[in-house]
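User: Here is a model I would like to go through at the bench. Please take my questions one by one and keep the answers short.

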Amino acid sequence: MIAYLTGTVAGTDQTTAVIDVNGVGYAVFMSSRALSRLPHAGEQTRVFTYLQVREDDMSLYGFLTLEEKDLFQRLIGVTGVGPKVALAALSTFEPDELVEAIVAEDVKAVSRIPGVGKKSASRIVLELKGSLDSGFGQAAAPSRENANIKLAAETLMAMGFSPTEAEVALRDAPEDVTEAALVKYALKQIGS
């Protein structure tokens with residue numbers, strides 16, 4: 001599976017970004033919110049990805065945060081919700097806003113997603129309300145407000161560690177060091 005891409009933005013359209021990774025252009029479907037937040041063409045970026053493999057198609061979906069990716073994966077796990085509807089949800093709401101609406105059982109708000117009627121909105125609320133809570137995504141970043149620590153935590157989660165494992169491993173990490181040094185530190189903590 002492709003956990004993330006780090007490369008140069010080659011271009012975007014209304015639904016897709018092309019990320020150039022060492023001369024290979026990956027077409028990545030993204031929400032309109034994520035596309036609007038990407039750097040300009042020619043600039044570096046990191047996009048977390050979800051690869052969907054079907055009998056006749058392979059599609060890559062991209063996210064700027066692991067919270068977006070996690071919510072996308074939860075949404076496509078709901079009966080009758082596919083990747084297009086999940087991206088429409090992330091285009092309509094910020095992840096925390098959508099989680100708040102689901103936890104509050106606000107079917108009217110969830111039905112604002114294009115392609116989602118009242119019946120589908122009710123199903124989304126019913127199937128996800130128990131697995132989401134108001135603290136969704138907060139464990140993904142350590143409590144200290146340090147950009148490198150947050151990036152290191154996201155890298156660890158992209159490697160398969162849980163948000164809690166990443167937070168614990170980075171809890172006493174030295175400050176003012178690079179992301180790579182923090183990842184190395186965390187891996188040593190996890191290994192001991």
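User: How far apart are the end C-alpha atoms of helix H7, residues 147-158, and why is that the expected span?

Analyst: This is a predicted model. Helix H7 has 12 residues, and at 1.5 Å a residue it should span 16 Å. The distance between its end C-alpha atoms agrees with that, at 16 Å.

User: Which residues of H7 are buried, and what covers them?

Analyst: Buried here means under 20% relative accessible area. Ile149, Ala152, Ala153, Glu154, Thr155, Leu156, Met157 and Ala158 are the buried residues of H7. Their cover includes two strands, E1 (4-12) and E4 (44-54), and three helices, H2 (66-76), H8 (163-170) and H9 (179-191).

User: Which residue with a positive phi follows H7?

Analyst: The phi value there is near 110°. The residue is Gly160.

User: Which residues other than glycine have a positive phi, and where do they lie?

Analyst: Asn22 has a phi near 55° and is in the loop between strand E2 (16-21) and strand E3 (24-29). Glu105 has a phi of about 60° and lies in the loop between H4 and helix H5 (107-110). At 78% relative accessibility Asn22 counts as exposed, whereas Glu105 is partly exposed at 45%. So the exposed residue is Asn22 and the partly exposed one is Glu105.

User: How many salt bridges are there, and which residues are linked in a network?

Analyst: The count comes to five salt bridges. Glu94 meets Arg33 at 3.0 Å, N to O. Glu94 also meets Arg37, at 2.3 Å, N to O. The network therefore links Arg33, Arg37 and Glu94.

User: Which parts does the pair of Arg37 and Glu94 tie together, and how many residues apart are they in sequence?

Analyst: The side chains of Arg37 and Glu94 meet in a salt bridge. Arg37 is in helix H1 and Glu94 is in the loop between H3 and H4, so the pair ties together parts that are 57 residues apart in sequence.

User: Is Arg37 buried, partly exposed or exposed?

Analyst: The range for partly exposed runs between 20% and 50%. The relative accessible area of Arg37 is 48%, so Arg37 is partly exposed.

User: What does Arg46 pair with, and which ring does its charged end sit over?

Analyst: Arg46 forms a salt bridge with Glu179, with the closest N and O atoms 3.2 Å apart. Glu179 is in helix H9 and Arg46 in strand E4, so the pair ties together parts that are 133 residues apart in sequence. Arg46 counts as partly exposed, at 23% relative accessibility. Its charged end sits 4.6 Å from the centre of a ring, that of Tyr4.

User: Where is Lys69 found, and which side chain of opposite charge is nearest?

Analyst: Lys69 is in helix H2. Leaving out residues up to four places away in sequence, Lys69 touches Met1, Ala3, Phe48, Thr49 and Phe63. Lys69 is buried yet has no salt bridge. The nearest side chain of opposite charge is 9.2 Å away, and it belongs to Asp70.

User: How many aromatic pairs does the structure hold, and which residues form the cluster?

Analyst: The structure holds five aromatic pairs. One aromatic cluster is formed by Phe29, Tyr50, Tyr61, Phe63 and Phe72.

Note on methods
Residues numbered from 1 in each chain as written. Predicted model: local features only at pLDDT ≥ 70, side-chain atom pairs only at ≥ 80, totals over all residues. Heavy atoms only, no water. Helix = DSSP H or I, 4+ residues; strand = E, 2+ residues; numbered from the N terminus. Expected span 1.5 Å × (residues − 1). Buried < 20%, exposed > 50% of the residue type's maximum accessible area, 1.4 Å probe, protein only. Contact = heavy atoms within 4.5 Å. Phe/Tyr/Trp six-rings, centres within 6.5 Å; stacked < 30°, edge-to-face > 60°. Lys NZ or Arg CZ within 6 Å of the ring centre and 35° of its normal. Salt bridge = Lys/Arg side-chain N within 4 Å of Asp/Glu carboxyl O. Lys, Arg positive; Asp, Glu negative; His and termini not counted.
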